[in-house]
Amino acid sequence: MNFDELQKSWKAQPLTVPEQSPEAKAQLLVRWRRQQRTVVLSNIGVTAGFAVTLGVLAWVFLSWHTSHGWLFSGSLLCMALLLLVYLWVIWRGVVFHRPDFSLPASAYASRYVAALRWRRKTITTFVWVYMLLLWLSLMLYFASVLEGTSMLMRISAPVITTAYMVIVKFAIRKKQRRQLNETDSLIKDFSALTTTDE
Amino acid sequence: MQHREQIFNDMVAENRAGIYRICLAYLHDRSWADDLYQEILLQLWSSLDRFRGEAKRSTWVYRVAVNTAITYNALHRRSSHQELPDTIQHLPDDAAGKGQEQQMQQLYAAIAQLAEQDRLIISLVLEDLSYKEIADITGSSVTNTGVRINRIKARLMKLMNPENREDEF
């Protein structure tokens with residue numbers, strides 16, 4: 001046997017390249033990484049914003065809690081708790097480890113699907129609940145701090161705040177729909193990967 | 001995007017068998033080779049924008065494959081690969097026909113006994129890449145690559161033909 005014969009046999013060997021569309025899997029994993037990167041960057045921004053907000057809430061509380069009643073402290077505490085819970089919710093949708101290729105795809109795909117489902121729930125449900133509770137906390141806060149002020153003040157502050165929250169919600173509607181589409185598509189493809197890999 | 005996918009699909013279609021054979025030769029374990037193959041495709045897709053057409057498309061693909069294989073193996077070095085036998089089962093010369101598959105097994109087992117880098121280089125030689133292409137891929141000079149390839153070939157032939165017929169290549 002010489003090297004040329006080996007080379008011929010090498011190229012002629014029957015080969016079963018992995019059946020499951022590897023191109024699709026490669027693209028899927030790239031899409032996953034891209035989606036995760038976007039989520040992480042967005043979460044970092046939200047966390048930074050919330051850190052500042054929590055600082056402001058603490059400052060407001062420490063500066064005026066003696067001159068206001070329990071409603072003032074309670075509403076501030078609710079807002080702070082809401083921010084912290086929301087941070088936990090958004091970070092729970094992130095998977096920090098890279099895919100472990102020593103495991104079958106089903107091992108990491110199911111983990112990704114769980115994270116994606118959580119992300120989906122965040123967009124469709126948790127954001128709404130968060131905004132509603134935040135609105136309620138703000139209304140309680142206004143009721144507390146605007147007590148004794150003019151009627152115009154007591155009405156305009158909650159109305160402007162409500163209008164602002166509604167506008168923000170509508171402004172991000174398109175972005176949320178796009179995020180949902182991408183999340184749904186990833187859930188579908190990773191679920192298919194789990195099935196075909198078994 | 002369509003264009004990018006088209007280039008990627010063409011690249012994979014042209015080189016998939018070669019890439020997969022390299023994975024098998026490098027790791028000598030089908031499930032690991034499958035994973036490495038997927039990782040190579042992933043890297044190809046991610047770095048497609050960096051392909052400027054200066055090198056031959058296949059050379060670029062193999063370069064990505066080789067670099068990914070080295071990184072992949074470094075990352076998973078602690079994991080337990082299937083142990084290879086210390087000695088290679090040699091077939092009698094008359095075992096042709098059905099023996100081709102066993103010959104391949106023998107070849108893979110021989111390749112597995114080579115040093116890590118040498119496994120990749122000999123796979124590229126078996127894929128019929130020129131010395132220049134292999135030198136481009138490994139980042140060595142053509143002369144050094146040639147010397148190294150001859151040494152690897154001799155070692156491989158010695159492993160395949162223990163009765164000292166290494167001068168046959």
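Which residues are buried in helix 4 of chain B? Q103(B), L107(B), Y108(B), A110(B) and I111(B) are the ones. The legends below walk through this helix and several other spots in what is a predicted model.

**Figure 1. Overview of the two chains, helices throughout.** Chain A has six helices and zero strands, so its pattern along the sequence is simply α-α-α-α-α-α. Chain B goes one way too: seven helices, zero strands, giving α-α-α-α-α-α-α from start to end. Of the 198 residues in chain A, 17% count as buried, while for the 169 residues of chain B the figure is 34%. Now take the contacts between residues at least 6 apart in sequence. In chain A, 79% of these join residues at least 24 apart; in chain B, 61% do.

**Figure 2. Helix 4 of chain B and its buried face.** This helix covers residues 99–112, which is 14 residues. From first C-alpha to last it reaches 19 Å, close to the 20 Å expected at 1.5 Å a residue. Look down the axis of helix 4 of chain B and the buried residues fall within an arc of 160 degrees, so they line one face of the helix. As a reminder, an α-helix has 3.6 residues a turn, so residues three or four places apart point the same way.

**Figure 3. Where chain A meets helix 4 of chain B.** Helix 1 of chain A (residues 3–12) crosses helix 4 of chain B at roughly 105 degrees, and their axes come within 10 Å. That angle makes helix 1 of chain A roughly perpendicular to helix 4 of chain B. On the chain A side, the residues to pick out are L6(A), S9(A) and W10(A). They meet Q100(B), Q103(B), M104(B) and L107(B) on the chain B side. Two of these partners, Q103(B) and L107(B), are also on the list of buried residues in helix 4 of chain B.

**Figure 4. Helices 2 and 3 of chain B, crossing obliquely.** Packed helices are described by the angle between their axes and the distance between the axes. Here the pair is helix 2 (residues 30–46) and helix 3 (residues 57–75) of chain B, with axes that come within 9 Å and cross at roughly 125 degrees. This makes helix 2 of chain B oblique to helix 3 of chain B. The crossing of these two helices of chain B is right-handed. Helix 2 of chain B brings L36(B), E39(B), I40(B), Q43(B) and L44(B) to the contact. Helix 3 of chain B answers with V61(B), V64(B), A65(B), T68(B), A69(B) and Y72(B).

**Figure 5. R50(B), out in a loop.** Between helix 2 and helix 3 of chain B there is a loop, and R50(B) sits in it. How exposed is R50(B)? With 8 C-beta neighbours inside 10 Å, it counts as exposed. For a landmark, try W60(B): R50(B) and W60(B) are ten residues apart in sequence and 9.9 Å apart in space, C-alpha to C-alpha.

**Figure 6. Helix 5 of chain B, mostly covered.** Helix 5 of chain B takes in residues 116–126, and eight of its eleven residues are buried. Those buried residues are R119(B), L120(B), I121(B), I122(B), S123(B), L124(B), V125(B) and L126(B). Just after this helix of chain B comes D128(B), which takes a positive phi of about 75 degrees.

**Figure 7. Two positive phi values in chain B loops.** Most residues other than glycine have a negative phi. D128(B) is not a glycine, yet its phi is positive. You'll find D128(B) in the loop between helix 5 and helix 6 (131–138) of chain B, where 12 C-beta neighbours inside 10 Å make it count as exposed. H28(B) is not a glycine either, and has a positive phi of about 55 degrees. The place to look for H28(B) is the loop between helix 1 (2–27) and helix 2 of chain B. With 19 C-beta neighbours inside 10 Å, H28(B) counts as partly exposed; the cut-off for buried is 20 or more.

**Figure 8. G74(A) and a partner from further along chain A.** G74(A) is part of helix 3 of chain A, residues 70–92. It is partly exposed, with 14 other C-beta atoms within 10 Å. G74(A) and L140(A) are 66 residues apart in sequence, but C-alpha to C-alpha they are 8.5 Å apart in space.

Note on methods:
Residues are numbered from 1 along each chain as its sequence is written. Chains are lettered from A and ligands numbered from 1 in the order in which they are written. This is a predicted model: local features need pLDDT of at least 70, side-chain atom pairs count only at pLDDT 80 or more; totals for chains, interfaces and linings use all residues. Helices (H or I, at least four residues) and strands (E, at least two) are DSSP runs, numbered from the N terminus. Two residues are in contact if their C-beta atoms, placed from the backbone, lie within 7 Å. The expected span of a helix is 1.5 Å times one less than its number of residues. The arc is that of the directions from the helix axis to the C-beta atoms. Axes are lines fitted to C-alpha atoms, for helices over the stretch in contact, and angles run from 0 to 180 degrees between N-to-C directions. Angles under 35 degrees count as roughly parallel, over 145 as roughly antiparallel, 65 to 115 as roughly perpendicular and the rest as oblique. A crossing is left-handed if the near helix is turned anticlockwise from the far one by less than a right angle, and right-handed if clockwise.
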